[in-house]
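Hi,

Here is the structure I promised to pass on to you. Have a look at it first, and then read my notes below.

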Amino acid sequence: MFTLNIRFQIAAMLVLLTIVIDYIKNPHLKLNSSRYFRIMLGTTAVNLTLDMITVYTVTHLDRVPMFWNRVFHQLFYASVIFALFFEYLYIRMLANNQKRLEKKEALLSVIPLAVSVIIILRGDVYYYSDGVYAYSYGPLLPVIYICGLLYLIMVFKLISNKHGYVTPRQRSSVVIGCIIWITVLAVQAIFPRFLLSGLGFVLMILAFYFSEENQKENFDSEAECFNRNAFHKMLAENYARKKPLYVVTLTCRNIDRVFKIAGREKGIQALVCLKEAFARHTGKEVYHSSDKCLSIFFQEDIRQEIEKLHELELELKREEYSDVQMNCFISVLDVRKYTASWTEVDDLLDFLTDRMQGNECKICFLNEEIIKEKQRRDKIDALLDEAIAGDGFEMVYQPIYNSKEKKFTSAEALIRLKNCGELGFVSPEEFIPLAEEKGLINEIGDRALELVAQMAKEKNLVGSPIKYIEVNLSAIQAVIPHLDKRLERIIDRYGIPASFINLEITETATVNFGATFEKNISSLRALGFSFSMDDFGTGYSNIAQMNRIKYDLVKLDKSLIWPVFETEEDGIENEKAEQLLASAISLIKSIGMKIVAEGVETEEMVNYLVEHGVDYLQGYYYSRPIPADQFIQFLKDRNDTK
Ligand code: C2E
Ligand code: CA
Ligand code: CA
């Protein structure tokens, strides 16, 4: 008959069984640590079983020969040591991002185990049984405690290693697990009759199960595949292996729009179809690696797999999933060649998502050129941070010719990044979009206006022939609440009237020019600011917007002007361009707005534009954008003589 003593083991066994069933039910990642977790489950089950068997043998010495009694006890002690050993290995895998053990490390970690096993084989065991409680004691017990302590010390060394990769969460689950174990062992040492070691193991496993091995954390139930978390874990593990490693990613650029337009349900359906196509063609496990990306790993020579990717590419070009038009591309990243750490992969994939334009599905191999582009972008990124923190921007001014008054009566202020070092000249066309993406544009916009106001004050420009300066306002700035107060505060600081500032706006499809925009414009207008519609003739700036917002000036983009003056043999194209430009000019004039022509480079352009009644001319023909001092000199030289 069993004694009372196995109630803890039974409880522990039930908990263990529940964990095992739940673990088997869910899909799980093939990580090194998961393998050790499974071994841990196994050794703990064996340990609990042996624990119960030993209780039986001690209480039934009349039936069980002493030899077997001792053997079972030795096996039980050994199972405790093995359970500790695998627990240590499990934590070691987590702490080192699944990196396999080096020979020396493996040897060191096996020493406590080996020494303990030898002692267990030779040492004495004594037994106690009073009919209710039964346990064993003797010199073997301290061996187990010492061995347990050694592994505990090794675990603490792992989690306190600053160079390791242990996340705070992993660290706390390990600490909780260890506290449970220490408590259980301490209780057991004081009250040897309570056989708690098995329960201790199971509670520790439970702690890991909830924090690390809970497969729901790795699974995206909507996309029906592993998620970003799992992708990172697998990436780290694959990276630590010494094999070739490619991350192939299927990016759907417009997935957020698909969700918005077709609805969530259809969006998810389409995503699942994409994932299935990806898995079908490649035969690999697919990970939902970011909102827009599905990724797989190749650990063999990619050349053999290209055919599969081409087949996938063809299918994506051909098919619509759930009647939804998706805009995809496939990228191939040779992780070994182009990254120094697996943590760079995300950044590269993000960069590629931004960089790839166009609607057709293509396969893009990441190459030196793209890496260089990314390095340049990262440097500009850092430069922007520095420029914002310090005094890293300056403004240059491009004079604008007034064709009626025949002199320069305004200018456009254009921002420049100072001290670009090895990068050479970095155009605002390059850094402004990046600043917008990084959320720095409002600060940069403020700085630009401040520099203009400061210059206007210093050079005493207000009241001079210069009637106003045109300052570019990013679309993002244009829609922030309380823009009026923000801009007013800046010009007030220098005593510059709002009428001296004309704000140039390029409306874009990416920003919602809704009620806040209209409110900003009307309150800024009430303060005295005037407005230009920038880049007329490109993309989104169109006639419908003119009706909604009152602009003072329209800036004709160079792409509308230049084709008229191109000396192609094909005269017909030129004629079309000419008609287009002439009608645009007369249309804008017919609604009573003034026109600035941009990109005026030749006398021929000047003559044509003036003849057609264009009010203002801006371009290299007159001057490139120049620093403030030169600008003032330019005005002196040109306004006084002409
Ligand atoms: P944009 O507002 O259309 O500015 C006109 C651009 O055309 C300027 O380029 C100017 O140097 C260039 N340009 C002027 N005349 C000619 C010409 O005759 N021929 C040619 N080929 N180009 C000419 P820049 O300074 O490189 O600025 C590029 C863009 O960066 C600007 O286009 C504007 O969108 C943005 N940007 C510049 N400064 C600022 C700023 O302070 N704030 C914001 N938000 N954006 C700015
Ligand atoms: Ca502009
Ligand atoms: Ca422009």
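What follows covers the calcium sites, some salt bridges and one surface patch.

Please keep in mind that this is a predicted model.

**Calcium sites**

Let me start with the calcium ion (ligand 2). Its protein donors are Glu 412 (OE), Asn 472 (OD1), Glu 504 (OE) and Asp 534 (OD), at 2.0 to 2.4 Å. Along the sequence, these donor residues follow the spacing E-x59-N-x31-E-x29-D. Within this site, Glu 412 in strand E11 (residues 407–417) and Glu 504 in strand E13 (residues 501–505) link parts of the chain that are 92 residues apart. Both Glu 412 and Glu 504 are buried.

Asp 534 also leads us to the neighbouring site: this residue bridges the calcium ion (ligand 2) and the calcium ion (ligand 3), which lie 3.9 Å apart. For the calcium ion (ligand 3), the protein donors are Asp 534 (OD), Asp 535 (OD) and Glu 598, the last listed with two OE entries, and they lie 2.2 to 2.5 Å from the ion. The spacing here reads D-D-x62-E. Asp 535 sits in strand E14 (residues 530–536), while Glu 598 is in the loop between strand E16 (594–597) and helix H23 (603–611), so this pair ties together parts 63 residues apart in sequence.

**Salt bridges**

Glu 598 has a second role to look at. Its side chain meets that of Lys 555 in a salt bridge, 3.6 Å from N to O. Lys 555 belongs to strand E15, so the pair connects parts that are 43 residues apart in sequence. Why do both count as buried? Buried means under 20% relative accessible area; Lys 555 has 0% and Glu 598 has 8%. Through shared salt-bridge partners, Glu 412, Glu 470, Glu 504, Lys 555 and Glu 598 form one network. Glu 412 and Glu 504 are thus found both in this network and among the donors of the calcium ion (ligand 2).

The count of salt bridges comes to 35. One of the others joins Asp 552 and Arg 525 at 2.9 Å, N to O. Both of these residues are partly exposed, Asp 552 at 25% and Arg 525 at 24%. Asp 391 and Lys 418 form another, with their closest N and O atoms 3.3 Å apart; Asp 391 is exposed at 55%, whereas Lys 418 is partly exposed at 24%.

**Surface patch**

Lys 30, Arg 35, Arg 38, Arg 100 and Lys 243 make up a positive surface patch. Lys 30 is in the loop between helix H1 (7–25) and helix H2 (32–59), and is exposed at 62% relative accessibility.

Best wishes

Key: Residues numbered from 1 in each chain as written. Chains lettered and ligands numbered in written order. Predicted model: local features only at pLDDT ≥ 70, side-chain atom pairs only at ≥ 80, totals over all residues. Heavy atoms only, no water. Donors = N, O, S within 2.8 Å, 3.2 Å for Na, K, Ca; no water. Helix = DSSP H or I, 4+ residues; strand = E, 2+ residues; numbered from the N terminus. Patch = residues over 30% accessible without salt bridge, like charges linked within 9 Å, V, L, I, M, F, W, Y side chains within 5 Å. Areas by Shrake-Rupley, 256 points an atom, 1.4 Å probe, with all protein chains shown as cover. Salt bridge = Lys/Arg side-chain N within 4 Å of Asp/Glu carboxyl O. Lys, Arg positive; Asp, Glu negative; His and termini not counted. Charge placed at Lys NZ, Arg CZ, Asp CG, Glu CD. Buried < 20%, exposed > 50% of the residue type's maximum accessible area, 1.4 Å probe, protein only.
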